[in-house]
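Notebook open, structure loaded. I want to go through the metal sites, then the cavities.

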Amino acid sequence: MADNKELTRGKQLRKALQYKKTNGYDRLREGDLEAMDAYCEGYKQYLDAGKTERECVDRTVALAEAAGFRAYQRSMALKPGDKVYRINRGKAVMLAVMGRKGLECGVNIAAAHIDSPRLDLKQNPLYESEELAFLKTHYYGGIRKYQWMTIPLELHGVVVLRDGRTLRVSVGGGQGDPLFTIDDLLPHLGMEHGKKPLAEAFPGENLNILVGSRPLADDEDSDRVKIAVLELLNRKYGMVEEDFISAELSAVPAFNACDIGFDRSLIGAYGHDDRVCAYASLAALLQLGVPERTAVCILADKEEIGSEGVSGMQSSAFDTFMADLCESQKVRVDVCFERSFCLSADVTAAYDPNFAEVYEKRNSALVNYGMGLCKYTGARGKSGASDASAEVVGYVRRVLDKAGVVWQMAELGKVDAGGGGTVACYMANRNIDTLDAGVPVLSMHAPFETVSKLDCYMTFRGIKALFEAD
Ligand code: MN
Ligand code: MN
């Protein structure tokens with residue numbers, strides 16, 4: 001404090017009173033850089049293994065089982081330190097580490113989602129046009145359509161055959177696999193097309209994936225390219241065209257995660273939203289010993305289309321899982337929820353100086369400034385937001401500061417520039433105190449999104465601190 005005597009009164013006041021944001025790199029401690037890099041290597045592997053929610057569930061369960069988690073059986077007796085998981089229809093997963101305290105004291109929840117924007121195949125997708133074979137798509141989640149053209153695509157998903165067998169399909173992920181793409185207009189002939197507004201220039205119905213061009217030999221019908229493709233599918237998977245009807249096939253970008261920048265400070269990948277928070281939640285949970293309060297992680301599906309459906313966060317699958325845990329301790333699940341805390345772990349927009357006009361910099365998340373906390377999301381006057389209370393924000397602030405986590409406040413963009421939602425409102429509607437927080441992302445919902453390693457690591461640290469809070 002002796003230094004303060006040297007400062008002018010104005011400088012003293014500023015130091016004492018003003019809120020100042022600092023770049024996370026100026027706040028790192030001994031060993032943080034190494035820990036950050038190691039953490040991010042694990043995250044990149046998780047991304048490469050999980051291009052769809054089903055694959056993320058598989059990877060999550062493999063990691064959890066290696067860390068001592070068991071599949072939960074209804075009425076299983078549970079003691080502090082027990083680790084269990086339940087898969088919901090292969091597309092969402094819930095995990096819990098039982099705490100020392102009873103469930104009547106509430107639980108600490110991290111809720112993230114593992115579905116990401118992509119191009120789903122329609123149910124009758126395969127057609128031939130001018131001796132080229134294509135698959136018709138219906139995009140899933142909010143996308144800027146032009147970003148998905150002229151990039152390499154993989155095909156992932158399942159096909160349920162007429163006899164009930166389910167086939168897993170993954171074309172493009174393996175060594176030497178072929179890839180797919182959507183073609184676009186050449187600039188030489190784009191004079192008129194270039195004058196159209198973006199929303200009109202790329203109709204969703206034009207996102208047709210090129211999948212073949214070699215006609216069936218010695219055949220004269222008008223669909224000999226298509227029938228040759230069907231023959232290949234039949235040979236490889238035993239499927240016929242009608243089986244597309246009961247298939248769930250998604251075209252996803254054929255990029256693996258990689259370091260970005262001369263300094264390797266960023267990660268570029270498909271699906272950071274929201275696997276970056278899903279992995280942070282999972283990694284934090286896997287590292288817990290015996291927490292005071294039971295720690296619960298849910299990795300949900302369908303967030304990108306409104307959290308609807310049996311595998312989305314609005315599904316009572318979560319309530320059933322929690323009720324099962326509560327019943328083993330003779331606790332009412334609504335009493336447990338009433339005293340629980342949930343971090344709605346989802347990405348936020350990182351301030352992008354190349355599009356400064358849509359951000360309000362004072363309240364935007366900055367790259368490398370740490371985990372971004374959002375008091376509210378929504379659009380047009382916070383509509384659709386659960387708008388966490390000052391008390392909840394205050395609680396999280398205290399926990400993160402105590403744990404030395406680098407964090408910042410984050411609002412998506414300028415008022416009325418647009419907006420977005422998360423699963424936060426569905427958790428809050430269950431009478432659970434909920435706050436949104438997550439990693440700031442550049443190019444959110446693009447086939448190739450970018451995040452900072454520091455922000456990924458700090459989000460993991462933040463979630464871990466909240467799991468450990470009593
Ligand atoms: Mn998200
Ligand atoms: Mn999203």
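I began with the sequence spacing of the donor residues of the manganese ion (ligand 2), which reads D-x30-E-x140-H. I'm working from a predicted model here. Spelled out, the protein donors of ligand 2 are Asp273 (OD), Glu304 (OE), listed twice, and His445 (NE2), and they lie 2.0 to 2.5 Å from the ion. I placed two of them: Asp273 is in helix α6, and Glu304 is in the loop between β13 (294-300) and α7 (317-327), so this pair ties together parts that are 31 residues apart in sequence.

Next I looked up His445. I found this residue in the loop between β21 (440-442) and β22 (449-452). Its side chain also makes a polar contact with the side chain of Glu304, at 3.1 Å.

Then I moved to the other ion. Which protein donors does the manganese ion (ligand 1) have? I get His113 (NE2), Asp273 (OD) and Asp346 (OD), the last one listed twice, at 2.1 to 2.6 Å from the ion. Their spacing in sequence is H-x159-D-x72-D. Asp273 sits in helix α6 (residues 272-286) and Asp346 in the loop between β14 (341-345) and β15 (348-349), so here the pair ties together parts that are 73 residues apart in sequence.

Asp273 turned up in both donor lists, so I checked the gap between the ions. Asp273 bridges ligand 1 and ligand 2, and the two manganese ions lie 3.3 Å apart.

Buried or exposed, I asked of Asp273? The answer is buried, with a relative accessible area of 3%. I noted the relative accessibility of other donors too. Asp346 is at 6% and counts as buried. Glu304, at 12%, also counts as buried. His445 comes in at 17%, which still counts as buried because the cut-off is under 20%.

Last entry: cavities. I count 4 of 30 Å³ or more, and the largest has a volume of about 70 Å³. What lines the largest cavity? I wrote down Thr52, Glu53, Arg54, Arg118, His156, Gly157, Glu248 and Ser250. By class that lining has 4 polar and 4 charged residues, and no nonpolar ones. α3 (53-66), β7 (153-160) and β10 (247-253) each supply at least two residues of the lining. I also checked the domains: the lining draws at least three residues from each of domain 1 (22-116 + 270-468) and domain 2 (118-251).

Note on methods
Residues numbered from 1 in each chain as written. Chains lettered and ligands numbered in written order. Predicted model: local features only at pLDDT ≥ 70, side-chain atom pairs only at ≥ 80, totals over all residues. Heavy atoms only, no water. Donors = N, O, S within 2.8 Å, 3.2 Å for Na, K, Ca; no water. Helix = DSSP H or I, 4+ residues; strand = E, 2+ residues; numbered from the N terminus. Buried < 20%, exposed > 50% of the residue type's maximum accessible area, 1.4 Å probe, protein only. 1 Å grid on protein atoms, 1.4 Å probe; cavity = no way out; pocket = protein on both sides within 12 Å on 5 of 7 lines; lining within 4 Å. Points joined across faces, edges and corners; volume = space filled by probe spheres on them. Nonpolar A, V, L, I, M, F, W, Y, C, P; charged D, E, K, R; others polar. Domains from an automatic or database assignment. Polar contact = N/O pair within 3.5 Å; in protein donor to acceptor, adjacent residues only side chain to side chain.
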